Amino acid sequence: MTGPRLTQEEFFTRVLNLDAPEMAEVKKAAAARDWEACTHAFAEAARKTLRPELWRDQISEPDFGGHHSLEGEDLMAAADRVMNNTLISCGIAHSYPDGFDWETNQTPDQYNEWIWQLNRSAEYTWLTGAYLRTGKLTYAEKLAEMFTSWVHQAIVPQHAEPGATHTWRTIESGIRMTPWGIALNLLGNTPAFTDEVVTLWFMSLWEHGYRL
């Protein structure tokens, strides 16, 4: 199957509080089972809740400890590396010429921490920072591409021990929320974050709460 596990029908009729005033248009569209209209109405309402001014100071330079960046690599260099689909986890780099793969351990000895930490979304912070510094939408578009590919591949487990999954170890599920919060609040009103991306983002946030 393709993620998210949560369906549009479940999200728009069961998860949301449709009696909240800001959900009035979503409620109307949900009654007609018009999921496209629901998506647009929800995304419009969600964007009004974003607080970019509270998140700007969270943009940070790469950690030179080598977990997700190269020694001496600054934010722009890290962002441009990610633009070329090269990611680093636990100091080990891997390139994805044919699209990101969040489930396959690319290390020769199948080092579990590599695949677990690959799923921490550290790159979101640098792509967001690069967009803010340059105004180039391509950085936001790359982030949206990475996010969408992750949600489609990483299906939240219904019953699994904390470490019994490559993409949903519970510590990563929590750690992701900082770079995700940065990206959503600072990029959520850009053209890269379409109605579909914004809605998918909140559906996945709900799944993170479910997992934790």
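**Close-up 1. The largest cavity holds about 30 Å³ of space.** The model shown is predicted. The structure contains one cavity of 30 Å³ or more. Its lining is made up of Trp102, Ser121, Glu123, Tyr124, Met146 and Trp150. Two elements, α6 (123–134) and α7 (137–153), each give two or more residues to this lining. By class, the lining residues are four nonpolar, one polar and one charged.

**Close-up 2. Arg81 sits in helix α4.** The helix covers residues 75–83. Arg81 has a relative accessibility of 9%, so it counts as buried, the limit being under 20%. Its side chain makes a polar contact with the side chain of Glu73, at 2.9 Å. Which residues does Arg81 touch, not counting those up to four places away in sequence? They are His68, Ser69, Leu70, Glu73, Thr86, Leu87, Ile88 and Trp126. Glu73 thus appears both in this contact list and as the polar partner of the Arg81 side chain.

**Close-up 3. Cys90 lies in the loop between β1 and β2.** The flanking strands are β1 (86–89) and β2 (92–95). Phi of Cys90 is positive, near 55 degrees, in a residue other than glycine. Is Cys90 buried or exposed? Cys90 is partly exposed, because its relative accessible area is 22% and buried would need a value under 20%.

**Close-up 4. Cys38 is buried.** Cys38 has 0% relative accessibility, and therefore falls under the 20% limit for buried residues. How many disulfides are counted? The count is zero, with the rule asking for a pair of cysteine sulfur atoms within 2.5 Å.

**Close-up 5. Arg33 has a positive phi.** The angle is about 55 degrees, although Arg33 is not a glycine. Where is Arg33 found? Arg33 is in the loop between α2 (24–31) and α3 (35–47). Arg33 counts as partly exposed because its relative accessibility is 48%, and exposed would need over 50%.

**Close-up 6. A cis peptide bond joins Gly3 and Pro4.** Omega of this bond is about 5 degrees. Pro4 belongs to the segment before α1. Helix α1 itself spans 8–15.

Note on methods
Residues numbered from 1 in each chain as written. Predicted model: local features only at pLDDT ≥ 70, side-chain atom pairs only at ≥ 80, totals over all residues. Heavy atoms only, no water. Helix = DSSP H or I, 4+ residues; strand = E, 2+ residues; numbered from the N terminus. Buried < 20%, exposed > 50% of the residue type's maximum accessible area, 1.4 Å probe, protein only. Polar contact = N/O pair within 3.5 Å; in protein donor to acceptor, adjacent residues only side chain to side chain. Contact = heavy atoms within 4.5 Å. 1 Å grid on protein atoms, 1.4 Å probe; cavity = no way out; pocket = protein on both sides within 12 Å on 5 of 7 lines; lining within 4 Å. Points joined across faces, edges and corners; volume = space filled by probe spheres on them. Nonpolar A, V, L, I, M, F, W, Y, C, P; charged D, E, K, R; others polar.
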